[in-house]
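Biologist: I am new to this structure and would like to be led through it with care. Could we take it one question at a time?

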Amino acid sequence: MVDVPVSEGGFTLIELMITLAVLAILLSIAIPNYQTFVMNSRMASQTNDLVTALNLARSEAIKRAANVSVCASSDGATCTGGWAAGWIVRDAAGTPIRVQQALSGGSTLSGGADVASTITFTASGRTTIPTTATPASTTLTLCPPSPASVQGRAIQIERTGRTRSASVACP
């Protein structure tokens, strides 16, 4: 019988050190970009949640031929609290249609002086923003926690009931 030399498999210490160095460099580049990606995704998701609630209220108002409102709600049952604490879509009788929990990740949602805690859609799909009001729309601003590494979102609700969002710089 002939003895065949068996080669030992494995890594040398130098190969392992080079692999770890390359891995460390890749992670140092990837982690900050990943955090920005997560924050952008959170902003988009939270914006979509609010826009979906507003669109649902508008479509339900048209379908039911009655007023349907979206209001800030901290308890999921009554219109109390700020927008960042959550919101509810409810019919004219006050029955909740959909409940949204508080924003996660330290995001804030606020409106200017023209934004009430309730946005009501009529049977025609229009909002009840007074026609005497100077702006033809009202805007809610969603901002990431400070310091903001990504842009926030401005959610604009027009008198006609149309809702849209756009990027906005947050303080």
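The questions below go from a helix to the sheet it packs on, and then to a second group of strands.

Biologist: Before we look at details, what kind of model is this?
Modeller: Local features are described only where pLDDT is at least 70, and side-chain atom pairs count only at pLDDT 80 or more. Both limits apply because the model is one that was predicted.

Biologist: How far apart are the end C-alpha atoms of helix α1, and what span should its residues give?
Modeller: Helix α1 covers residues 13-64. At 1.5 Å a residue, its 52 residues should span 76 Å, and this agrees with the distance between its end C-alpha atoms, which is 72 Å.

Biologist: At which residue does α1 bend, and by about how much?
Modeller: A proline, P32, belongs to the picture here, since it follows the bend within four residues. The bend itself is placed at A30, and its angle is about 25°.

Biologist: Which residue just after α1 takes a positive phi?
Modeller: The helix runs through residues 13-64, and the positive phi comes just after it, with a value of about 55°. The residue that takes it is A65.

Biologist: In what order do the 4 strands of the open sheet stand?
Modeller: The edge strands, each pairing on one side only, are β3 (96-100) and β5 (118-121). Strand β1 (residues 68-72) and strand β2 (residues 87-91) pair in the antiparallel sense over 5 bridges, and in that pair S69 stands opposite R90. Read across the sheet, whose pairing is antiparallel, the order is β3-β2-β1-β5.

Biologist: Which strands of this sheet does α1 touch, and what angle does its direction make with that of β2?
Modeller: Neighbouring strands of the sheet are turned against each other by 15° on average, direction ignored. Helix α1 packs on this sheet and touches β1, β2, β3 and β5, while its direction makes with that of β2 an angle of about 5°.

Biologist: Is P96 buried, partly exposed or exposed?
Modeller: P96 is found in strand β3, and, leaving aside neighbours within four places in sequence, P96 is in contact with G76, V89 and R90. Its relative accessibility is 39%, and because buried means under 20% and exposed means over 50%, P96 counts as partly exposed.

Biologist: How many residues of β7 are buried?
Modeller: Strand β7 (residues 152-158) pairs in the antiparallel sense with strand β6 (residues 137-143) over 6 bridges, and L140 has I155 as its bridge partner in β7. On β7 there are also 6 bridges to strand β8 (residues 163-168), again running antiparallel. The strand is mostly covered, and the number of its 7 residues that are buried is 6.

Biologist: Which residue in the turn between β7 and β8 has a positive phi?
Modeller: The two strands form a hairpin with 4 residues between them, and A154 has A166 as its bridge partner in β8. The positive phi in the turn is about 100°, and it belongs to G161.

Biologist: Which side chain is joined to that of E158 by a polar contact of 3.3 Å?
Modeller: E158 lies in strand β7 and, at 18% relative accessibility, counts as buried. Leaving aside neighbours within four places in sequence, E158 is in contact with T127, I129, A136, S137 and R164. The side chain that the polar contact of 3.3 Å joins to E158 is that of R164.

How values were computed: Residues are numbered from 1 along each chain as its sequence is written. Side-chain values use heavy atoms; hydrogens and water are left out. Two strands pair if DSSP finds at least two bridges between them. Axes are lines fitted to C-alpha atoms, for helices over the stretch in contact, and angles run from 0 to 180 degrees between N-to-C directions. Contact means heavy atoms within 4.5 Å. Buried means under 20% relative accessible area, exposed over 50%, partly exposed in between (1.4 Å probe, protein chains only). A polar contact is a pair of N or O atoms within 3.5 Å; within protein, one must be able to donate a hydrogen and the other to accept it, and residues adjacent in sequence count only if both atoms are side-chain atoms. The expected span of a helix is 1.5 Å times one less than its number of residues. The bend at a residue is the angle between axes fitted to the seven residues ending there and the seven starting there.
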